[in-house]
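Me: Please take a close look at one part of this structure and show me how its surroundings fit together. Keep it brisk, and stay with contacts, burial and geometry.

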Amino acid sequence: RLAVDASWPGAIVTVLVADLVAAPVVHLALFGVSDGGPIPAFLQLGVARDTNALAVEGCRARGLDAHHADAVAHLRSLSDAALSGVSAFHLVEHLPLDALVALLDEALRVLRPGGILLLETPNPENLLVGARNFWFDLTHRHPIPPPVLEFLVRQRGFVEAEIVRLHPYPWEFRLPSETELGRRLDDLLHGPQDYAVVARKP
């Protein structure tokens, strides 16, 4: 299910869409969608929501059904088992712990059995991301290591949780090295810049 080329933006989206298109009826809630660029495959499958008005305008310019809304508040407005999937792109790193837990709990409630949760966030295993790039956005609270987010997702009741590491630096940035130590250093500096946790509701 997760055998994808993780080097290009939108790879994880392809996984989710491929897993859902066979369903007779698909309803998605898409959060943290920026201007819609990473999620063109969702255009006909869901409604995008973001707290950034400029992001909402960008989504609409791409033909996406987009609205200005808070993720947790929107999920709380939905009935139980209303959705096939919930995705949040670069959202969880902005949330305090209580809001993140609320997001997970509400996502679990509104998903149908077998529904998919997808959370993508910067990967602090990449030292350049964790020590520098993450902090360029002053609205970020703190990086979340992949095992921590996976644990939270499982702890709140999701199953089949997987970590998918995404978007390594292009090869022209990689350090040439023929030693194991050099390769490990290169992976720490130029490996996946993002990761996603993908899970299901039982």
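Reply: Start with Leu 103. Setting aside neighbours within four places in sequence, Leu 103 contacts Ala 71, Val 72, Leu 75, Leu 91, Val 92 and Leu 95 in this predicted model.

Now the core. Leu 103 is among the residues with the most contacts inside the largest nonpolar core, together with Leu 100, Leu 117 and Val 153. That core has 28 residues. At least two residues each come from α3 (71–76), β4 (83–89), α4, β5, α6 and β7. The largest share is that of α4, with seven residues. A second core is separate and has seven residues, including Phe 89, Leu 118, Leu 166 and Val 198.

Next, β5. Nine of its twelve residues are buried, so the rest of the structure largely encloses β5. Its pairing with β4 is parallel and runs over six bridges. At one of these positions, Ala 88 has Leu 119 of β5 as its bridge partner.

What does α6 add? Val 153, already named for its contacts in the largest core, is one of the buried residues of α6 (residues 146–155). The others are Pro 146, Leu 149, Glu 150 and Leu 152. Around the axis these residues cover an arc of only 160°, which means that they sit on the same side of α6. The general rule behind such a pattern is simple. An α-helix has 3.6 residues a turn, so residues three or four places apart point the same way.

What covers that buried side? The cover includes α4 (97–110), β5 (111–122), β6 (159–168) and β7 (192–200). On the face turned away from the buried side, α6 carries the exposed residues Phe 151 and Gln 155. Just after α6 comes Gly 157, with a positive phi of about 115°.

β6, part of that cover, holds His 167. Is His 167 buried or exposed? Its relative accessibility is 11%, and the cut-off for buried is under 20%, so His 167 counts as buried. Its side chain makes a polar contact of 2.7 Å with the side chain of Asp 194.

Now go to the loop ahead of α6. Arg 141 lies there, between α5 (127–131) and α6. Its relative accessible area is 44%, which makes Arg 141 partly exposed. Leu 95, one of the contacts of Leu 103, is also touched by Arg 141. In sequence, Arg 141 and Leu 95 are 46 residues apart; in space, their C-alpha atoms are 6.9 Å apart. Leaving out residues up to four places away in sequence, Arg 141 also touches Glu 93, His 94, Pro 96, Phe 134 and Trp 135.

Those last two residues bring in ring geometry. A search of the whole structure gives two aromatic pairs. In the pair of Phe 134 and Trp 135, the ring centres are 4.9 Å apart and the planes are at 80°, so this pair is edge-to-face. The two partners differ in burial. Phe 134 is buried, with a relative accessible area of 3%, whereas Trp 135 is partly exposed at 39% relative accessibility.

Note on methods
Residues are numbered from 1 along each chain as its sequence is written. This is a predicted model: local features need pLDDT of at least 70, side-chain atom pairs count only at pLDDT 80 or more; totals for chains, interfaces and linings use all residues. Side-chain values use heavy atoms; hydrogens and water are left out. Buried means under 20% relative accessible area, exposed over 50%, partly exposed in between (1.4 Å probe, protein chains only). Helices (H or I, at least four residues) and strands (E, at least two) are DSSP runs, numbered from the N terminus. The arc is that of the directions from the helix axis to the C-beta atoms. Contact means heavy atoms within 4.5 Å. A polar contact is a pair of N or O atoms within 3.5 Å; within protein, one must be able to donate a hydrogen and the other to accept it, and residues adjacent in sequence count only if both atoms are side-chain atoms. Rings of Phe, Tyr and Trp (its six-membered ring) pair if their centres lie within 6.5 Å; planes under 30 degrees apart count as stacked, over 60 as edge-to-face and the rest as tilted. A nonpolar core is a set of buried Ala, Val, Leu, Ile, Met, Phe, Trp, Tyr and Cys residues joined through side-chain atoms within 4.5 Å. Two strands pair if DSSP finds at least two bridges between them.
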